[in-house]
Amino acid sequence: MRVYNTETRRKEEFVPLTPGKVSMYVCGPTVYNFIHIGNARPMIVFDTARRYMEHKGYEVNYVSNFTDVDDKIIAKAMEEGVPAQEISERYIAECKKDMEGMNVKPATTHPLATQEIGGMIEMISDLIEKGYAYEVDGTVYFRTRRFAGYGKLSHKNLDDLRSGSRSLLVTGEEQKEDPLDFVLWKPKKEGEPSWPSPWGDGRPGWHIECSVMARKYLGEEIDIHAGGEDLIFPHHENEIAQSECCNGKPFARYWLHNAFLNIDNRKMSKSLGNFFTVREISEKYDLQVLRFFMLSAHYRSPLNFSAELMEASRNGLERIKNAVSNLDFLAKNAPEGEMTAQEQESLTQAQTYAARFDEAMDDDFNTADAIAAVFELVKFANSSVSGANTAAFAKAVRAEIVELCDILGLIVETQEELLDEEIEKLIAERQEARKAKNFARADEIRNQLAEQGITLLDTREGVKWKRA
Ligand code: AMP
Ligand code: ZN
């Protein structure tokens, strides 16, 4: 598998630190509003990268934070006259609903910045001790020039930065030793959330959050660090400086960045008012369509959001779903029995599309080409499976399509399969109810299932079920 590394500006063979395991950190959203479809892009593309690596047999430790202390959150809290925590908790819950709709798997850990303040104070203290940071009047700054590697990710030269650094001199930061120095800890302002620290009450800077959370949940050295391309500078550059100076080790081996999502060929931004939240999109489309749309382009190519492209995505997804439900129908009505020799040979042909899919994904997660392979498989299914085939063959072709879509996080199975899951869930709930001696609820579930023609058999191996 090869991945494009922003740091080396090359596609590189992916070699994890520990064979068979991947540690991956993806910068998450700042939670002051519903997430917009731009924020959804890194969520979807890196969730897909994770799914693909899991498909290849890697155990992926996937960490993605919520930035739950920030100027924008505080501003929104003041506007509504509620505590900042109420805003962040509300939008974390809403974000998780959107993620579920887009079939983005929950991270192994979703740390919250506000729960990790102790670790941040520790890292900042350590950086001061090592001479990489200094305090002035309750503000702690990072001594950027002390880190020889500064600029290696964004390929910026310190002297160019210096000459263009006037804008970095924000009011109140005149005490910096150097305009390039950035904030690790800032003093409390009235009415804002704050925590006690050796430098007085205050709150952490944004960059230190990710350095601390990545180290705590993944270790000092990690395999993949990812996020949108706007984070390359200064956020990720600063994360590298903090982590490498503190830990004395290289931070991340591969830096992956998604390109931006535009709307009607213009940069999507709040000030232009041309952005959509995921929630708004969900009122018009199944969020699976949004996922399909995002994956129809390579993650490093800019992607334009438009009604036409969403319609095309809806149709594309529909074509796959139709093929699957057609195969279901054929399997149900076909003669039972073993696959014929001819079918077996034909299946080998179907498997070449799966190989093509893997080849595309191995090439820096080229989901656009991977989807093209799925369509070829769909075309094969539509033209090569008919009522004359065995159920085993129809099922095998169906399984190929579903498996590839599953790697992309696309749900293409027809309702009946979803119903199976619901049944299993109800059975599990019934078992819980019985354990809790809530027999009334247990019976209620049994009756509810019976009404739908599902009979339950309590066996020694557990509960079995069948349709009438
Ligand atoms: P933020 O909440 O602004 O910190 O952003 C959360 C994530 O969304 C970051 O990885 C950003 O790079 C990414 N992001 C924000 N806007 C866009 C966009 N229009 N297209 C793609 N990614 C974006
Ligand atoms: Zn980050």
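**Exercise 1. Identify how β5 and β6 are connected, and how many residues lie between them.**

Solution. β5 and β6 form a hairpin with two residues between them. Asp137, in the turn, has a positive phi of about 50°. Strands here are DSSP E runs of at least two residues, and helices are H or I runs of at least four, numbered from the N terminus. The model is predicted: local features need pLDDT of at least 70, side-chain atom pairs count only at pLDDT 80 or more, and totals for chains, interfaces and linings use all residues. Residues are numbered from 1 along each chain as its sequence is written, chains are lettered from A and ligands numbered from 1 in the order in which they are written, and side-chain values use heavy atoms, with hydrogens and water left out.

**Exercise 2. Work out the strand order of the open sheet that contains β6.**

Solution.
1. Two strands pair if DSSP finds at least two bridges between them.
2. β5 (residues 133-136) pairs with β6 in the antiparallel sense over four bridges; Ala133 stands opposite Phe142, and Val136 opposite Thr139.
3. On β7 (residues 182-187), β6 has three bridges, again antiparallel, with Phe182 as the bridge partner of Phe142.
4. The order of the four strands is β5-β6-β7-β8.
5. β5 and β8 (202-204) are the edge strands with a single partner each, so one side of each has no neighbour in the sheet.
6. Helix α4 (residues 117-129) packs on this sheet and touches β5, β6, β7 and β8. Its direction makes about 120° with that of β7. Contact means heavy atoms within 4.5 Å; axes are lines fitted to C-alpha atoms, for helices over the stretch in contact, and angles run from 0 to 180 degrees between N-to-C directions.

**Exercise 3. Decide whether the faces of β6 (residues 139-142) are covered or open.**

Solution. Buried means under 20% relative accessible area, exposed over 50%, partly exposed in between (1.4 Å probe, protein chains only). Thr139 and Tyr141 on one side are buried, as are Val140 and Phe142 on the other. Both faces are therefore covered.

**Exercise 4. Find the protein donors of the zinc ion (ligand 2) and place them in the chain.**

Solution.
1. Donors are N, O and S atoms within 2.8 Å of the metal (3.2 Å for Na, K and Ca); water is not among the atoms, so sites may look incomplete.
2. Cys27 (SG), Cys210 (SG) and His235 (NE2) lie 2.0 to 2.2 Å from the ion.
3. Their spacing in sequence is C-x182-C-x24-H.
4. Cys27 sits in the loop between β3 (21-26) and α1 (37-55), and His235 in helix α7 (residues 232-247), 208 residues apart.
5. Cys27 is buried at 10% relative accessible area, and His235 is buried at 1%.
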